[in-house]
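Work through the exercises below with the sequence and the structure side by side. Try each task by yourself before you read its solution.

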Amino acid sequence: FQELTELCNPIANYKQYREAFKRVPPPAVPYIALYLHDLTFIEDGNQDYVDGDARSVINFAKMRMIANVFLAIEKFQRVDFNLQQVQIILGIVV
């Protein structure tokens, strides 16, 4: 319990979790709320356009940050889970 508590500590933007999850080979199920949190801060903290009201020059740095979040999520969807049926469980359910 203590190890999990330390891993999921929100200090430094979940630094320990992020570092640990980078080492996990796909497939895996990431903590999606963390990615949604990142997207919210990217959206709220960055303008869509770099020239303000003129709205003619797209803020590509912001779009790149958003793309990186989606790529991080997608990384874990590229590999299928190798799930096996457990007959004893299937027998109980049926």
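A salt bridge is a side-chain nitrogen of Lys or Arg within 4 Å of a carboxyl oxygen of Asp or Glu. Please keep in mind throughout that this is a predicted model.

**Exercise 1. A salt bridge of Arg-78**

Task: Decide whether the contact of Arg-78 with Glu-74 meets the salt-bridge rule or fails it, and state how exposed each partner is.

Solution: Start with the distance, which is 2.8 Å between the closest N and O atoms of Arg-78 and Glu-74. The rule asks for a nitrogen within 4 Å of the oxygen, and the two residues do form a salt bridge. Next, look at the accessibility, where buried means under 20% relative accessible area, exposed means over 50%, and partly exposed lies in between. Arg-78 counts as exposed because its relative accessibility is 55%, whereas Glu-74 is partly exposed because its relative accessible area is 31%.

**Exercise 2. A network of charges**

Task: Find which residues are joined into one network by salt bridges that share partners.

Solution: In general, side chains of opposite charge can pair when their charged atoms come close. By the rule used here, the count comes to four salt bridges. In one of them the side chains of Lys-62 and Glu-43 meet, at 3.2 Å from N to O. This pair links distant parts of the chain, since Lys-62 lies in helix H4 and Glu-43 in helix H3, 19 residues apart. Another salt bridge is formed by Asp-48 with Lys-62, and here the closest N and O atoms are 2.4 Å apart. This pair also links distant parts of the chain, with Asp-48 in the loop between H3 and H4 and Lys-62 in helix H4, 14 residues apart. Now compare how the partners are covered: Lys-62 is buried, with a relative accessible area of 1%, while Glu-43 counts as partly exposed at 40% and Asp-48 is partly exposed at 33%. Lys-62 takes part in the bridge with Glu-43 and in the bridge with Asp-48, and the network therefore consists of Glu-43, Asp-48 and Lys-62, joined by salt bridges that share partners.

**Exercise 3. Aromatic rings**

Task: Classify the two aromatic pairs of the structure as stacked, tilted or edge-to-face.

Solution: Planes under 30 degrees apart count as stacked, over 60 as edge-to-face and the rest as tilted. The rings of Tyr-17 and Phe-21 lie 5.4 Å apart, centre to centre, with 15° between their planes, and this pair is stacked. Because Tyr-17 and Phe-21 are four residues apart in helix H2, about one helical turn separates them. Tyr-17 counts as buried at 13% relative accessibility, and Phe-21 is buried with a relative accessible area of 12%. The pair of Phe-21 and Phe-76 is tilted, with 4.7 Å between the centres and 50° between the planes. This pair links distant parts of the chain, because Phe-21 is in helix H2 and Phe-76 is in the loop between H4 and H5, 55 residues apart. Taken together, Tyr-17, Phe-21 and Phe-76 form one aromatic cluster.

**Exercise 4. The nonpolar core**

Task: Determine which helix gives the most to the largest nonpolar core.

Solution: The largest nonpolar core has 11 residues in all, among them Tyr-17, Phe-21, Leu-39, Ile-66 and Phe-76. Helix H2 (11–22), helix H3 (32–45) and helix H4 (60–75) each supply at least two residues of this core. With four residues, H3 gives the most. To follow one member further, take Phe-76, which touches Phe-21, Val-24, Pro-26, Pro-27, Ala-28 and Pro-30 when residues up to four places away in sequence are not counted.

**Exercise 5. Backbone details and a surface patch**

Task: Locate the cis peptide bond, two residues with a positive phi, and a nonpolar patch on the surface.

Solution: The cis peptide bond joins Pro-26 and Pro-27, with omega at about 0°, and Pro-27 has its place in the loop between H2 and H3. Asn-13 has a positive phi of about 60° although it is not a glycine, and Tyr-14 likewise has a positive phi of about 60°. Asn-13 lies in helix H2, and Tyr-14 is found in helix H2 as well. Finally, the surface patch is formed by Val-86, Ile-88, Ile-89 and Ile-92, which together have about 430 Å² of accessible area. Of these, Ile-89 sits in helix H5 (residues 87–93) and counts as partly exposed, at 48% relative accessibility.

Key: Residues are numbered from 1 along each chain as its sequence is written. This is a predicted model: local features need pLDDT of at least 70, side-chain atom pairs count only at pLDDT 80 or more; totals for chains, interfaces and linings use all residues. Side-chain values use heavy atoms; hydrogens and water are left out. A nonpolar core is a set of buried Ala, Val, Leu, Ile, Met, Phe, Trp, Tyr and Cys residues joined through side-chain atoms within 4.5 Å. Buried means under 20% relative accessible area, exposed over 50%, partly exposed in between (1.4 Å probe, protein chains only). Contact means heavy atoms within 4.5 Å. Patches are made of residues with over 30% relative accessible area and no salt bridge: like charges are joined within 9 Å, nonpolar side chains (Val, Leu, Ile, Met, Phe, Trp, Tyr) within 5 Å. Accessible areas come from the Shrake-Rupley method with a 1.4 Å probe; for residues, only the protein chains shown count as cover. Rings of Phe, Tyr and Trp (its six-membered ring) pair if their centres lie within 6.5 Å; planes under 30 degrees apart count as stacked, over 60 as edge-to-face and the rest as tilted.
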